[in-house]
Amino acid sequence: GEMTQEQVEQYKARIKQLLKEKDACLVAHYYTDAIVQEIAEETGGCISDSLEMARFGTTRPEQTLVVAGVRFMGETAKILSPEKRILMPTLEATCSLDIGCPIEEFSAFCDAHPDHEVVVYANTSAAVKARADWVVTSSIALKVAEHLEEQGKKIIWAPDKHLGGYVQKQTGIEMLMWDGACIVHEEFKAKGILDLKKVYPDAAVLVHPESPDSVVEIADAVGSTTQLIQAASDLPNEQLIVATDRGIFYKMQQAAPGKQFIEAPTGGSGATCRSCAHCPWMAMNGLDNIISALETGEGEVLVDEALIEDARRPLQRMLDFSA
Ligand code: 13P
Ligand code: SF4
């Protein structure tokens, strides 16, 4: 249930104390609940997209990193900082893209096309990353694809077919595509957004490229979470229709104070809506389980050592490329 303001303050005070005691810092994704982002901010941690989350752990002196996000983010942190202890508020927080790309099938798919560079989205298991030549996040997906296109490469793209379709359209690179999608973004509907534009004719439409092609097509700005937050402040429009997880409003409001933010409509509502513009796995992160992870050390992310070595290569390649 809802917490009272007094409880919230008590929980926050406890987290601050525990972070100090345990030599830990907190990193949160833009899609987590506002209250989680707030405490990350108040404790000098980091709130960011998946690319900066990956880099963050490597730049901090603390020996423990608490990753508020979903499983692949914790694994990425562990792979890049294997000497550190990585805790997550819950290890149950997964991602439909990760679930939809099991290593056995994916590996067989790659084996069948040995002349292709393998590019995988960060939203994948450590094992899938270990099979890849490149890892990308939405912030640098286009740049990496352009780079490979210039070298005349053909690529396997996994697992997000919507992000892949967008990248293919923008760069013209030849792609073999895995059939995966994000359950949050695939719910956005162009028709609903166009109807909303009739009510708010001056609004700009901001779209994350995990959304279907028809939605990307009517966007005024397309990009990763960081890029959309930037666009919210850069665009002159006072009203913004936003097609991504509504957790992003916390930072967008800070970046563009005074503007009006409107959730892009999804296909269903109430019981018929699987995600309703908020990722059910991101929503599993709360003040209570941040506390219990720090208190008990449960929720530690462990990755097989052999996998760490192989998954680190394409991840480090991404970080070096984006530096
Ligand atoms: P970015 O923050 O990299 O845009 O990622 C979006 C996402 O869906 C993470 O789960
Ligand atoms: Fe995965 Fe989509 Fe949730 Fe991001 S928002 S973690 S891509 S299901």
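This section describes a sheet, a ligand shell, an enclosed helix, a nonpolar core and a loop residue in a predicted model.

Four strands form an open sheet in the order β6-β5-β7-β8, and their pairing is parallel. The edges of this sheet are β6, spanning residues 134–136, and β8, spanning residues 175–177, each of which pairs on one side only. From one strand to the next, the twist averages 25°. Strand β7, which comprises residues 155–158, is joined to β8 by three bridges, and the two strands run parallel. Within this pairing, Trp-157 has Met-177 of β8 as its bridge partner. Helix α9, formed by residues 161–171, lies across β5 (117–121), β7 and β8. Relative to β8, the helix runs at about 165°.

The surroundings of ligand 1 draw on residues from separate parts of the sequence. Tyr-30, Asp-49, Ser-50 and Leu-51 are among the residues around the ligand, as are Asn-123, Thr-137, Ser-138 and Ser-139. The shell also includes Cys-182, Glu-210, Ser-224 and Thr-225. Classified by residue type, this shell contains seven polar, three nonpolar and two charged residues.

Burial was examined next for helix α4, which covers residues 71–80. Because 10 of its 10 residues are buried, helix α4 is largely enclosed by the rest of the structure. The buried residues of α4 include the charged side chains Arg-71, Glu-75 and Lys-78, together with Phe-72, Met-73, Ala-77, Ile-79 and Leu-80. Gly-74 and Thr-76 of the same helix are likewise buried.

The largest nonpolar core has 103 residues. Among its members, Val-27, Val-66, Val-119 and Leu-206 touch the most other members. When residues up to four places away in sequence are not counted, Val-27 touches Ala-40, Gly-45, Cys-46 and Met-53, as well as Phe-56, Leu-65, Val-67 and Ala-68.

Arg-246 is located in the loop between β11 (239–243) and α13 (249–255). This residue has 19 C-beta neighbours inside 10 Å and therefore counts as partly exposed, given that burial requires 20 or more. With neighbours within four places in sequence left aside, Arg-246 is in contact with Glu-263, Ala-277 and His-278. Arg-246 and Lys-78, the latter a buried residue of α4, are separated by 168 residues in sequence and by 27 Å in space, from C-alpha to C-alpha.

Note on methods: Residues are numbered from 1 along each chain as its sequence is written. Chains are lettered from A and ligands numbered from 1 in the order in which they are written. This is a predicted model: local features need pLDDT of at least 70, side-chain atom pairs count only at pLDDT 80 or more; totals for chains, interfaces and linings use all residues. Two strands pair if DSSP finds at least two bridges between them. Axes are lines fitted to C-alpha atoms, for helices over the stretch in contact, and angles run from 0 to 180 degrees between N-to-C directions. Two residues are in contact if their C-beta atoms, placed from the backbone, lie within 7 Å. A residue is near a molecule or strand if its C-beta atom, placed from the backbone, lies within 6 Å of it. A residue is buried if 20 or more other C-beta atoms lie within 10 Å of its own, exposed if 12 or fewer, and partly exposed in between; C-beta atoms are placed from the backbone. A nonpolar core is a set of buried Ala, Val, Leu, Ile, Met, Phe, Trp, Tyr and Cys residues joined through C-beta atoms within 7 Å.
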